[in-house]
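I opened my notebook to look up a few places in a protein model, beginning with one residue in a loop and moving on from there.

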Amino acid sequence: MADIVDIAVSNNAFKTLVAAVQAAGLVETLKSPGPFTVFAPTDDAFAKLPPGTITTLLQNIPQLARILTYHVVPGKLTKADLAKLGTVTSVEGSPIRINCDDGFEVKNATVLAADIDADNGVIHVIDTVILMG
């Protein structure tokens with residue numbers, strides 16, 4: 001089975017995410033055994049950011065890495081697992097609110113595809129880049 005990075009690389013909807021993960025030096029981490037739960041923003045999610053945001057982040061690697069690690073949670077948590085928890089703590093260290101009452105939301109993002117199984121975890125595809133705070 002493919003790992004989290006291989007799945008993202010093979011999907012054309014994650015070109016911006018893959019480029020950001022490479023720029024932040026997180027490829028090896030996300031290829032490690034983990035397991036990880038990744039809330040993966042699509043290219044359309046990145047496109048919703050204010051103009052120039054991605055360029056600015058690519059010039060500020062520590063901030064980029066912080067935002068990316070906010071999208072990762074230790075452990076392999078399916079939608080059913082997350083629904084029971086309500087809140088999880090990201091690798092970055094901040095809490096992420098989960099709401100499965102009416103659909104599946106992660107903070108301010110809607111999950112477009114849940115429970116994509118990877119060799120080293122699970123991916124939940126989201127429609128918005130989530131930010132700390």
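I looked up Ser-94 and found it in the loop between strand 3 (87–89) and strand 4, where strands are DSSP runs of E with at least two residues, helices are runs of H or I with at least four, and both are numbered from the N terminus. The model is predicted, so local features need pLDDT of at least 70, side-chain atom pairs count only at pLDDT 80 or more, and totals for chains, interfaces and linings use all residues. Residues are numbered from 1 along each chain as its sequence is written, and side-chain values use heavy atoms, with hydrogens and water left out.

Is Ser-94 buried or exposed? I noted a relative accessible area of 16%, so Ser-94 is buried (under 20%, whereas exposed is over 50% and partly exposed lies in between, with a 1.4 Å probe and protein chains only).

I then looked for its partners: leaving aside neighbours within four places in sequence, Ser-94 is in contact with Tyr-70, Val-88, Thr-89 and Met-132 (contact means heavy atoms within 4.5 Å).

Tyr-70 led me to helix 6 (residues 61–70), where Leu-64, Ala-65, Ile-67, Leu-68, Thr-69 and Tyr-70 are buried. What do the buried residues of helix 6 pack against? I listed helix 2 (15–23), helix 5 (53–58), strand 2 (72–74) and strand 4 (95–99).

As a general note, I wrote that an α-helix has 3.6 residues a turn, so residues three or four places apart point the same way.
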